[in-house]
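Work through the exercises below with the model open beside you. Try each task before reading its solution.

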Amino acid sequence: MTDLETRELRYFVAVAEELHFGRAAVRLGIAQPPLSRAIRQLEQRLGVQLFERDRRGAALTDAGRVLLREAAAALDAVAAAARRTRRAGDPKRPLVLVTKAGASHELLQRLLDAVEREPGAAPVEVLLCEVGEQAGALRSGRADVALMHRPFDDLAGFDTEDLHVEGQIALLPAGHPLAARDQLTLAEVRDVPGLPIARWPRLDGSYPDGPGPEVHTQSQLAQLVALGRTLLVIPASSRAWQWPDHVAVPVVDAPDVTTVLAWPPNSHSPAVASLVRSAARLHAAALPTPPGCLPPSARPGPAATGPGAARRGAGSRG
């Protein structure tokens, strides 16, 4: 079995991204000859050719493209392990919760209030991000837990606790005729002349085809809607960041969106477990009480300390 060193992987990734040994050497702060030798030795140990070389630079082979994907994931995992270890060694550190700016604002406030009422609970630091960035923050170790939205966010590999299910709204320029409607359907907002739907990036970073503008940040999107250049369909709770120039109209046949609390499945943090239990109680308290049953607030909560024990039927993987 061939063991790979992180140094080798960093060298390989630099060359693979630069596609030029000289530029990669400058980026790494080393001379080119030892870099070239290291890559040749890596190829010999693996028994494959990673690069096609010529005078102009280098090109990845099929094997090289596979290693680039695997090396990036491996280096991310090593960096995440280091971050989590350093964070675990600081007993006074806050728990970091990452969420999209403006999303699920009321739910987030209730969750933070519930945590503050828990005796001995770790303080929570809120890390705000843009669309689709929560998964990366969790995997990299920059965050301990995340508020995410099914089916839009990348939940693969995470444990989750469902918190809230809601419908969606169309966010429109205030002066547009559709803004005067009480409700809309997806068909009515899909092909509006002069007002195409904004295009969000997919999970792989690519954008769907269409006439609407490509957007990534909510501030960019908010201004484009206010200018009458686009509309969008979003979870109803995201209207927390709408401007006075916007109008939100319910889209009655849009798929429901579920807000979830997500965390890495290998987490053994008591602070994460406590937060998950608080989230589970919030969700239970919001559910209707069937006849003859105790109200959710009167039911005993999870007793175990691991985050997985606080998950009630939350084994979904998105």
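**Exercise 1. Find how strands β3 and β5 pair, and place them in their sheet.**

Solution. Step 1: Take strand β3 (residues 95–100) and strand β5 (residues 145–150). In this predicted model, they pair in the parallel sense over two bridges.

Step 2: Pick one residue pair. Val 98 has Ala 146 of β5 as its bridge partner.

Step 3: Widen the view. Five strands make up an open sheet, in the order β4-β3-β5-β10-β6. Its pairing is mixed.

Step 4: Find the edges. They are β4 (124–129) and β6 (159–166), each of which pairs on one side only. From one strand to the next, the twist averages 25°.

**Exercise 2. Name the strands that helix α5 touches, and those that helix α9 lies across.**

Solution. Step 1: Start with helix α5 (residues 105–117). It packs on the sheet and touches β3, β4, β5, β6 and β10 (257–263). Its direction makes about 160° with that of β4.

Step 2: Go to helix α9 (residues 270–286). It lies across β3, β5, β6 and β10. Relative to β6, α9 runs at about 30°.

**Exercise 3. Describe two backbone features in the loops beside β3 and β5.**

Solution. Step 1: Look at the loop between β5 and β6, where Pro 151 lies. The peptide bond from Arg 150 to Pro 151 is cis, with omega near 15°.

Step 2: Move to the loop between β3 and α5, which holds Ser 104. Ser 104 is not a glycine, yet its phi is positive, about 50°.

Step 3: Is Ser 104 buried or exposed? Buried means under 20% relative accessible area. Ser 104 has 3% relative accessibility, so it counts as buried.

Step 4: Compare with Leu 19, in the loop between α1 and α2. Its phi is also positive, near 55°. Leu 19 counts as partly exposed because its relative accessibility is 35%.

**Exercise 4. Locate the three-strand sheet and follow the surroundings of Gln 168.**

Solution. Step 1: Read the strand order. This open sheet runs β8-β7-β9, with antiparallel pairing. β8 and β9 are the edge strands. The twist averages 35° from one strand to the next.

Step 2: Count the bridges between β7 and β9. There are six, and the two strands run antiparallel. Ile 169 has Pro 250 in β9 as its bridge partner.

Step 3: Place Gln 168. It lies in strand β7 (residues 168–173). Its relative accessible area is 7%, so Gln 168 is buried.

Step 4: Find a polar partner. A polar atom of the Gln 168 side chain lies 2.8 Å from the backbone oxygen of Pro 255.

Step 5: Check the contacts. Beyond its neighbours within four places in sequence, Gln 168 touches residues including Phe 152, Val 233, Pro 250 and Val 257.

**Exercise 5. Work out which side of helix α8 is buried.**

Solution. Step 1: List the buried residues of α8 (residues 218–226). They are Gln 218, Leu 221, Ala 222, Leu 224 and Val 225.

Step 2: Check their directions. They cover an arc of only 165° around the axis, so they sit on the same side of α8.

Step 3: Recall the helix rule. An α-helix has 3.6 residues a turn, so residues three or four places apart point the same way.

Step 4: See what this side meets. The buried residues of α8 pack against β7, β8 (232–235) and β9 (246–251).

Step 5: Look past the helix. Gly 228 follows α8, and its phi is positive, near 75°.

**Exercise 6. Trace the largest nonpolar core through Phe 51.**

Solution. Step 1: Size the core. It has 21 residues. Phe 12, Val 15, Phe 21, Leu 35, Ile 39 and Phe 51 have the most contacts inside it.

Step 2: Ask where the residues come from. α1 (6–18), α2 (21–28), α3 (32–46), β2 (57–60) and α4 (62–88) each supply at least two. The largest share, seven residues, comes from α1.

Step 3: Centre on Phe 51. Leaving aside its neighbours within four places in sequence, its contacts include Phe 12, Val 15, Phe 21 and Ile 39.

Step 4: Add the strand pairing. Strand β1 (residues 51–54) pairs with β2 in the antiparallel sense over four bridges. Phe 51 stands opposite Leu 60 in β2. A hairpin of two residues joins β1 to β2.

Technical notes:
Residues are numbered from 1 along each chain as its sequence is written. This is a predicted model: local features need pLDDT of at least 70, side-chain atom pairs count only at pLDDT 80 or more; totals for chains, interfaces and linings use all residues. Side-chain values use heavy atoms; hydrogens and water are left out. Buried means under 20% relative accessible area, exposed over 50%, partly exposed in between (1.4 Å probe, protein chains only). A polar contact is a pair of N or O atoms within 3.5 Å; within protein, one must be able to donate a hydrogen and the other to accept it, and residues adjacent in sequence count only if both atoms are side-chain atoms. Contact means heavy atoms within 4.5 Å. The arc is that of the directions from the helix axis to the C-beta atoms. A nonpolar core is a set of buried Ala, Val, Leu, Ile, Met, Phe, Trp, Tyr and Cys residues joined through side-chain atoms within 4.5 Å. Two strands pair if DSSP finds at least two bridges between them. Axes are lines fitted to C-alpha atoms, for helices over the stretch in contact, and angles run from 0 to 180 degrees between N-to-C directions.
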